[in-house]
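Visitor: Please take me through one part of this structure closely, and then show me how it sits within the rest of the chain.

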Amino acid sequence: MNGLWDWDAAWAVLPELLLAFVQVTLIVTVLSTAIAAVLGLFIAILRMSVPKPIAAVITFIGDFIRMTPIVVQLLFAYWTFLTVEPLTIGIVVFGIHYSTYMAEVYRAGIDSVPKGQWEATTALSMSKRRAWTAVIVPQALRATVPALGNYAISMFKDTPFLLTIGVVEMVRAGLTFGGNNFRYMEAITLAGVIFLLASYPTSLLISRLEKRLAYNY
């Protein structure tokens, strides 16, 4: 065993980290992103479709969720719903929390659609539902995909907060290994490397997608 770094410990902890990455980190990120993307779009459309007093209430609730730490929300949900699996709580809380951010992105995208498009749907006697689904939302999505991707990456990097409710994600798995073997450096470093290897290609893909959409727009 070397002083600062032990390759034997590194190889020993790597399978545990990869298992936690696949079974927890990846699942939470994918499912929570799906929830946030759908719920965020629903919130954005709802705010722009209902009367102003109701829209103000929806905005207040969204601001409250967005401006309170996700750790507090995880602990609140964990101690409120004691019979629910912590992993399920984590997926739902992450999805709801980030839906408030994505709702703002969608709202900006919808606002960027030229007024002439709205007027065209009226001139063609389109129903509200048809106007949203066939004209407005497709154009809004085109402008918002890069920002939504960035929030998905932020969510991915926030998954270590799940350790506060007992979910064994990568950092928790690393800390457990470190506690059992008195080797923390290898576990935490490798967890960071796995985060980097997973998030960096995703950021490059989003950047490429952003350029492609800008070129086609």
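Guide: Let us begin with Phe-182, which lies in the loop between α7 and α8 (185-216). Helices here are DSSP runs of H or I with at least four residues, strands are runs of E with at least two, and both are numbered from the N terminus. The model is a predicted one, in which local features need pLDDT of at least 70 and side-chain atom pairs count only at pLDDT 80 or more, while totals for chains, interfaces and linings use all residues. Residues are numbered from 1 along each chain as its sequence is written, and side-chain values use heavy atoms, with hydrogens and water left out.

Phe-182 comes just after α7 and takes a positive phi of about 55°, although this residue is not a glycine. Is Phe-182 buried or exposed? Its relative accessible area is 72%, so Phe-182 counts as exposed. The cut-offs are under 20% relative accessible area for buried, over 50% for exposed, and partly exposed in between, with a 1.4 Å probe and protein chains only.

The helix that precedes this loop is α7, which covers residues 170-181. At 1.5 Å a residue, its twelve residues should span 16 Å, and the end C-alpha atoms are indeed 16 Å apart. The expected span is 1.5 Å times one less than the number of residues. Met-170, Val-171, Ala-173, Gly-174, Phe-177 and Gly-178 are the buried residues of α7. Seen down the helix axis, these buried residues fall within an arc of 160°, so they line one face of α7. The arc is taken over the directions from the helix axis to the C-beta atoms. An α-helix has 3.6 residues a turn, so residues three or four places apart point the same way.

At the N-terminal end, α7 is capped by Glu-169, whose side chain has an oxygen 2.9 Å from the backbone nitrogen of Val-171. A polar contact is a pair of N or O atoms within 3.5 Å; within protein, one must be able to donate a hydrogen and the other to accept it, and residues adjacent in sequence count only if both atoms are side-chain atoms.

A positive phi is also found at Ser-125, again in a residue that is not a glycine, with a value of about 60°. Ser-125 lies in the loop between α5 and α6 (128-158). With a relative accessible area of 65%, Ser-125 is exposed. Helix α5 (residues 115-123) contains Ala-120, which is partly exposed at 34% relative accessible area. Helix α6 contains Thr-133. A polar atom of the Thr-133 side chain lies 2.9 Å from the backbone oxygen of Arg-129 and 3.4 Å from the backbone oxygen of Arg-130.

Helix α2 (residues 52-66) may be set beside α7. Its 15 residues should span 21 Å at 1.5 Å a residue, and the 20 Å between its end C-alpha atoms agrees with this. The buried residues in α2 are Ala-55, Ile-58, Gly-62, Ile-65 and Arg-66. They fall within an arc of 95° when α2 is seen down its axis, so they too line one face of the helix. Pro-53, Phe-60 and Phe-64 are exposed on the other side of α2. The cover over the buried residues of α2 includes α1 (7-49), α3 (70-80) and α4 (86-111).

Finally, consider the whole chain. How many helices does the chain have? The chain has eight helices and zero strands. Of its 217 residues, 37% count as buried. Its C-alpha trace spans about 75 × 45 × 25 Å along the principal axes. Among contacts (heavy atoms within 4.5 Å) between residues at least 6 apart in sequence, 80% join residues at least 24 apart.

UniProt, in an unreviewed entry, annotates residues 22-206 as "domain: ABC transmembrane type-1". UniProt positions follow the numbering used here, feature names are shortened, and annotations may be inferred rather than shown by experiment. The span of residues 22-206 is 83% helix and 0% strand, and its end C-alpha atoms lie 22 Å apart. The unreviewed entry also places the feature "transmembrane region" at residues 20-46, 78-98 and 184-206. Residues 20-46 are 100% helix, with end C-alpha atoms 37 Å apart, whereas residues 78-98 are 76% helix, with end C-alpha atoms 18 Å apart.
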